[in-house]
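I opened a fresh notebook page for this one. My plan is to go through the helices and a few backbone oddities, one entry at a time.

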Amino acid sequence: MSVPTLTLNDGTKIPQLGLGVWQMQDDEAPGIILSALNAGYRHIDTAAAYGNEAGVGRGIAESDVPREEVFVTSKLWNDRQGYDAALRAFDETMGKLGFDYLDLYLIHWPMPAQDRYVDSWKALIRLREEGRIRAIGVSNFLPDHLERLLDETGKAPAINQIELHPYFQQAKQREVHAKLGIATECWSPLGQGEALSDPILTEIASRYGKSAAQVILRWQVQLGLVTIPKSANHDRMRENISIFDFELTEAEMAQIKGLDSADGRIGPDPATADF
Ligand SMILES: NC(=O)c1ccc[n+]([C@@H]2O[C@H](COP(=O)([O-])OP(=O)(O)OC[C@H]3O[C@@H](n4cnc5c(N)ncnc54)[C@H](OP(=O)(O)O)[C@@H]3O)[C@@H](O)[C@H]2O)c1
């Protein structure tokens with residue numbers, strides 16, 4: 001069963017489930033990408049900071065799947081923010097990937113203390129106007145950062161990639177996205193493995209002959225989110241994409257909603273993150 005797509009605010013279509021490749025070595029990336037493409041993945045999430053853009057590009061080039069059938073995201077790292085610096089960083093990313101266009105480019109973190117994300121955003125707008133990127137977005141942006149982009153450029157991001165898993169559900173942030181027409185993408189969608197032994201999730205999973213990971217990913221898809229679980233293991237990759245043959249009930253969606261926790265965040269707080 002193929003992965004459904006979401007249409008972003010600029011008309012770009014993104015597969016709702018992709019493979020995250022954080023913490024994969026550049027030299028292991030081509031093999032993992034080939035394995036993912038064989039399992040049916042057509043969406044890969046990398047970043048300059050992951051150090052594996054070259055391996056991701058090589059994996060796609062070496063596969064039988066045409067480049068235009070794979071949706072690839074990369075991200076601008078924090079030390080390359082600013083208008084000119086972002087343009088140069090994008091050229092380097094494209095050189096490493098070996099592509100002549102990118103599907104989605106994100107500002108990785110707002111880094112409010114640097115105060116350069118509006119200039120970085122203007123560079124991304126230019127790259128999109130030049131046809132070098134299909135869609136542009138952000139990651140880890142809080143509502144006030146999003147409002148500022150809109151106020152100063154009139155252009156809303158297509159997507160905001162944020163930490164989102166059963167123990168950190170970001171309901172208020174999702175409401176802001178919906179109001180502004182911004183899609184929500186979940187990073188660490190499995191809570192980096194933390195939520196997989198949760199008794200509520202394992203109980204729901206057993207009803208369908210599925211795993212807790214599959215229930216989490218299905219919950220995210222049914223909420224209308226984009227999700228990018230990471231696995232370097234072929235069997236778990238297959239497991240994670242095999243979620244389009246069952247449906248959670250409203251009662252089960254409500255049970256999972258109840259797992260949200262005010263202190264469930266795993267990663268840094270974007271309001272203060274400075275690295
Ligand atoms: N924008 C940002 O700031 C940001 C931050 C963090 C992450 N991300 C993106 O989000 C992606 C995913 O996040 P993540 O890598 O932090 O965590 P994650 O996807 O929530 O969890 C990955 C962990 O779960 C394991 N796993 C995967 N599928 C499994 C399954 N079916 N059963 C049991 N274990 C399973 C993986 O191990 P195996 O590999 O051994 O299967 C790995 O240890 C990243 O790769 C990256 O692309 C973005």
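**Loops, helix faces and helix pairs**

I started with Q192, which sits in the loop between strand 9 and helix 7 (199–208). I should jot down early that I'm looking at a predicted model. What made me stop at Q192 was its phi: positive, about 55°, although the residue is not a glycine. Most residues other than glycine have a negative phi. I checked exposure too, and Q192 is partly exposed, with a relative accessible area of 48%.

Next I looked up Q23, another non-glycine with a positive phi, this time about 70°. I found Q23 in the loop between strand 3 (19–20) and helix 1. Q23 counts as exposed, at 57% relative accessible area, since the cut-off for exposed is over 50%.

**Helix 6, inside and out**

Which residues of helix 6 are buried? Going along residues 171–180, I noted Q173, R174, V176, H177 and L180. Looking down the axis of helix 6, I saw that these buried residues fall within an arc of 155°, so they line one face of the helix. Turned away from that buried side are K172, E175, A178 and K179, which are exposed.

I then wanted to know what the buried residues of helix 6 pack against. My list reads helix 5 (143–153), strand 8 (159–163) and strand 9 (183–187). One last note here: G181 follows helix 6, and its phi is positive, near 75°.

**Helix 10, the same exercise**

For helix 10 (residues 250–257), I wrote down E252, M253 and I256 as buried. They cover an arc of only 105° around the axis, which puts them on the same side of helix 10. Over on the other side, I have E250, A251 and K257 as exposed. The cover over the buried residues of helix 10 includes helix 7 and helix 8 (212–222).

**Helix 1 against helix 2**

Two packed helices are described by the angle between their axes and the distance between the axes. I looked up both for helix 1 (residues 29–39) and helix 2 (residues 53–62): the angle is about 45° and the axes are 7 Å apart. That makes helix 1 oblique to helix 2. I also looked up the handedness, and helix 1 passes helix 2 in a right-handed crossing.

Who touches whom? From helix 1, I listed A29, P30, I33, L34 and L37; they meet G55, V56, R58, G59, I60 and E62 in helix 2. Sorted by class, this contact has seven nonpolar, two polar and two charged residues.

**Helix 2 against helix 3**

I stayed with helix 2 and turned to its pairing with helix 3 (residues 83–97). Their axes come within 7 Å and cross at roughly 45°. I therefore filed helix 2 and helix 3 as oblique to each other.

Which residues make this contact? On the helix 2 side I found E53, A54, V56 and G57, and on the helix 3 side T93, K96 and L97. I split the residues of the contact of helix 2 with helix 3 into three nonpolar, two polar and two charged. I underlined V56 of helix 2, since it turns up in the contact with helix 1 and again in the contact with helix 3.

Methods: Residues numbered from 1 in each chain as written. Predicted model: local features only at pLDDT ≥ 70, side-chain atom pairs only at ≥ 80, totals over all residues. Heavy atoms only, no water. Axes fitted to C-alpha atoms, helices over the stretch in contact; angles between N-to-C directions. Helix = DSSP H or I, 4+ residues; strand = E, 2+ residues; numbered from the N terminus. Parallel < 35°, antiparallel > 145°, perpendicular 65-115°, else oblique. Left-handed = near helix turned anticlockwise from the far one by under 90°. Contact = heavy atoms within 4.5 Å. Nonpolar A, V, L, I, M, F, W, Y, C, P; charged D, E, K, R; others polar. Buried < 20%, exposed > 50% of the residue type's maximum accessible area, 1.4 Å probe, protein only. Arc of directions from axis to C-beta.
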